[in-house]
Amino acid sequence: WLLKTFRAQYGTVLNDRALNILNKDNFENIFEAGCGAGASSLVHMLRIFDLRYPNGKLNEEYKNIIYTGIDLNLTRVENAKKYLPIFFNYYKNCINFILEEGDLTNLKFQDNAFDFTFIPSVLEAVPETDVDNVISEICRVSKNYIFITDPYDQYPLGYPRSEKELSKYFIKYGFKLEFFEYKITDTFMPNKCVLQTMFK
């Protein structure tokens with residue numbers, strides 16, 4: 001879990017522009033669609049707390065965060081519940097993790113429930129027959145921003161989509177493309193191309 005988090009996920013899911021928006025707007029309710037075992041959650045929130053509390057000096061300037069994550073795989077969710085609290089013990093009064101098994105095609109949350117939605121390496125695995133339904137549900141529960149990071153290389157059973165292809169879906173549900181960035185990752189695995197997009 002540690003190897004995946006810091007040698008793989010750290011180099012593939014972070015985007016400074018998205019993190020600055022997330023921090024600047026002092027969002028309270030964050031949703032991760034496809035949280036897996038919590039590796040992406042960890043690297044995102046560690047960076048946010050670095051921005052909010054330099055040198056670990058806590059203050060009351062920022063709202064406490066409610067971080068909700070769902071994943072189809074219950075075993076991975078249980079691992080997230082096990083490991084994440086260890087890393088955030090120092091910030092335990094600043095963040096509350098709600099991690100559950102769930103299906104992106106049928107989210108149980110209310111409309112506009114989340115200020116900021118994060119989708120790490122999920123949509124690339126969703127086939128064309130389901131992607132519109134998944135995106136419509138994510139847009140329904142999202143209020144402000146949706147940040148996506150996906151592999152753009154072609155893998156077996158993968159469906160990489162460009163920013164233009166993604167925009168066709170998101171614009172149907174009221175979200176427009178804020179920015180996008182293609183980048184080559186630098187991890188212990190072979191370099192690969194990822195596409196990061198932000199919708200508002």
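Helices and strands are DSSP runs, helices of at least four residues and strands of at least two, numbered from the N terminus. The exercises below concern a predicted model.

**Exercise 1. The largest pocket**

Task: Determine which element gives the largest share of the lining of the largest pocket, and describe that lining.

Solution.
Step 1. The volume of the largest pocket is about 370 Å³.
Step 2. Its lining consists of 24 residues, and those nearest the centre are K4, Q9, R76, P120 and S121.
Step 3. Two or more residues of this lining come from each of α1 and α3.
Step 4. With four residues, α1 gives the largest share of the lining of the largest pocket.
Step 5. Sorted by class, the lining of this pocket holds 11 nonpolar, seven polar and six charged residues.

**Exercise 2. The buried face of α1**

Task: Identify the buried residues of helix α1 and state how they are arranged around its axis.

Solution.
Step 1. Helix α1 spans residues 2–12, and within the helix T5, A8, Q9 and T12 are buried.
Step 2. Viewed down the axis of α1, these buried residues fall within an arc of 130 degrees, so they line one face of the helix.
Step 3. Among the elements that cover the buried residues of α1 are α3 (39–52), β5 (142–151) and β7 (193–199).
Step 4. Q9 belongs to this buried set, and Q9 is also one of the residues nearest the centre of the largest pocket.

**Exercise 3. The surroundings of β7**

Task: Decide whether β7 is largely enclosed or open, and name the strands that pair with β7.

Solution.
Step 1. Seven of the seven residues of β7 are buried, so this strand is largely enclosed by the rest of the structure.
Step 2. The two faces of β7 are both covered: one side carries C193, L195, T197 and F199, the other V194, Q196 and M198, and all are buried.
Step 3. β5 pairs with β7 in the antiparallel sense over six bridges; within this pairing, P151 has V194 of β7 as its bridge partner.
Step 4. Strand β6 (residues 177–184) also runs antiparallel to β7, and seven bridges join the two. Here I184 has C193 of β7 as its bridge partner.

**Exercise 4. The cavity**

Task: State how many cavities of 30 Å³ or more the whole structure contains, and describe the lining of the largest cavity.

Solution.
Step 1. Rolling a probe the size of a water molecule over the atoms reveals where empty space is left.
Step 2. A search of the whole structure gives one cavity of 30 Å³ or more, and the volume of the largest cavity is about 60 Å³.
Step 3. The residues that line the largest cavity are L123, E124, D150, P151, Y159, P160, R161, L166 and L195.
Step 4. Six of the lining residues are nonpolar, none is polar and three are charged.
Step 5. The lining includes P151 and L195; P151 is the bridge partner of V194, and L195 is a buried residue of β7.

**Exercise 5. The second largest pocket and β2**

Task: Describe the lining of the second largest pocket, then examine strand β2 and its residue I66.

Solution.
Step 1. The second largest pocket contains about 300 Å³ of space.
Step 2. This pocket is lined by 16 residues, and L72, D103, L104, V122 and V126 are the closest to its centre.
Step 3. β2 (65–71) and α5 (128–141) are the elements that give two or more residues to this lining.
Step 4. The lining of the second largest pocket has eight nonpolar, five polar and three charged residues.
Step 5. Six of the seven residues of β2 are buried, and the strand is thus mostly covered.
Step 6. Strand β1 (residues 29–33) pairs with β2 in the parallel sense over five bridges, and N29 has I66 of β2 as its bridge partner.
Step 7. Buried means under 20% relative accessible area. At 27% relative accessibility, I66 therefore counts as partly exposed.
Step 8. Not counting residues up to four places away in sequence, I66 touches E28, N29, I30, N96 and I98.

**Exercise 6. Two positive phi values**

Task: Locate N55 and N112 and classify the accessibility of each.

Solution.
Step 1. N55, a residue other than glycine, has a positive phi near 60 degrees. N55 lies in the loop between α3 and β2.
Step 2. The relative accessibility of N55 is 84%, so N55 counts as exposed.
Step 3. N112, also a residue other than glycine, has a positive phi near 55 degrees. Its place is the loop between β3 (95–101) and β4 (114–120).
Step 4. The relative accessibility of N112 is 43%, so N112 counts as partly exposed.

Key: Residues numbered from 1 in each chain as written. Predicted model: local features only at pLDDT ≥ 70, side-chain atom pairs only at ≥ 80, totals over all residues. Heavy atoms only, no water. 1 Å grid on protein atoms, 1.4 Å probe; cavity = no way out; pocket = protein on both sides within 12 Å on 5 of 7 lines; lining within 4 Å. Points joined across faces, edges and corners; volume = space filled by probe spheres on them. Nonpolar A, V, L, I, M, F, W, Y, C, P; charged D, E, K, R; others polar. Buried < 20%, exposed > 50% of the residue type's maximum accessible area, 1.4 Å probe, protein only. Arc of directions from axis to C-beta. Contact = heavy atoms within 4.5 Å. Pairing = 2+ DSSP bridges.
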